[in-house]
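Reader: I have a chain in front of me and would like to understand the labels people attach to its parts. Could you walk me through the reasoning?

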Amino acid sequence: MSANEVQNLLKLDLVEVPVYGQVPVDSILPQPAKKALRPSKPGPVSQSGYTVREAEGPKHLYILRMGGPIHALLGEDPEEALIVKVGFSRSPETRCDTHNKALPAGTFRWTVWKTTFEPERDPLPSSQHAIAGEDAMKTYLDAKGKSLGGEFFLASPKAIKKAWKIGVETAENWKP
């Protein structure tokens with residue numbers, strides 16, 4: 001959309017409508033777009049756990065790399081080290097996009113740095129293969145870098161490349 005089209009949208013009156021299966025909206029009255037499009041109100045606090053399970057089937061390993069001034073994020077100079085996230089998914093690019101949507105707009109962004117999602121490569125046949133590869137990468141990076149919690153690490157490019165090689169080999173050779 002052009003800037004003029006956006007400005008014209010803000011001149012409209014909009015009506016917020018309830019989304020099926022969600023919390024009802026406070027009011028279904030027309031209001032100026034600038035008011036209707038303001039930042040959302042905080043949602044209700046969940047009273048139970050929430051888990052999302054990915055469907056079983058072919059998977060791809062990936063390493064996401066954090067871009068931006070990571071010294072500001074860490075509170076120290078990481079020298080040559082990088083912040084990475086290791087994992088697996090049916091679609092590493094989609095997983096990367098999901099992680100970026102959780103970040104506020106700014107200079108910090110994840111990019112897919114390594115992935116088995118390539119035209120000439122078959123996906124891993126199951127999540128068990130992918131879990132073995134991810135665990136191998138985590139073990140190596142925990143020993144040769146610094147764990148930042150969960151699947152996130154601070155490590156040198158050399159250590160990350162070695163972890164990738166180990167992870168892919170482990171996943172491809174995993175046997176039940």
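Author: Gladly! Let us start with a definition: a patch is made of residues with over 30% relative accessible area and no salt bridge, and nonpolar side chains are joined within 5 Å. One such nonpolar patch on the surface is formed by Met1, Val6, Leu9 and Leu12, which together have about 390 Å² of accessible area. Please keep in mind that this is a predicted model.

Reader: Why is Val6 called partly exposed?

Author: Partly exposed lies between the cut-offs of 20% and 50%. Val6 has a relative accessible area of 35%, so it is partly exposed. You will find Val6 in helix α1, residues 3-9.

Reader: And what makes Leu12 partly exposed?

Author: The reasoning runs along similar lines. Leu12 has a relative accessible area of 43%, and therefore counts as partly exposed. Leu12 sits in the loop between α1 and β1 (13-14). While you are there, look at Gln31: its C-alpha atom is separated from that of Leu12 by 8.4 Å, with the two residues 19 apart along the chain.

Reader: Which residues form the negative surface patch?

Author: Glu76, Asp77, Glu79 and Glu80 form that patch. Asp and Glu count as negative, so the patch takes that sign. Like charges are joined within 9 Å.

Reader: How do you know that Glu79 is exposed?

Author: Exposed means over 50% relative accessible area. Glu79 comes to 68%, so it is exposed. Glu79 belongs to the loop between α3 (70-74) and β4 (82-89). There is a backbone detail to notice too: Glu79 is not a glycine, yet it has a positive phi of about 55°.

Reader: What share of the chain is buried?

Author: Buried residues make up 28% of the 176 residues. A residue is called buried because its relative accessible area is under 20%.

Reader: How many helices and strands does the chain have, and in what order do the elements run?

Author: There are six helices and seven strands. From the N terminus on, the order is α-β-β-α-β-α-β-α-β-α-β-β-α.

Reader: Which elements have the lowest and the highest mean pLDDT?

Author: Helix α2 (residues 33-36) has the lowest mean pLDDT, 72, whereas helix α6 (residues 157-173) has the highest, 97. The chain averages 86, and 83% of the residues score at least 70. Where pLDDT is low, the predicted coordinates should not be read in detail.

Terms used:
Residues numbered from 1 in each chain as written. Predicted model: local features only at pLDDT ≥ 70, side-chain atom pairs only at ≥ 80, totals over all residues. Heavy atoms only, no water. Areas by Shrake-Rupley, 256 points an atom, 1.4 Å probe, with all protein chains shown as cover. Salt bridge = Lys/Arg side-chain N within 4 Å of Asp/Glu carboxyl O. Charge placed at Lys NZ, Arg CZ, Asp CG, Glu CD. Helix = DSSP H or I, 4+ residues; strand = E, 2+ residues; numbered from the N terminus. pLDDT = per-residue confidence, 0-100. Buried < 20%, exposed > 50% of the residue type's maximum accessible area, 1.4 Å probe, protein only.
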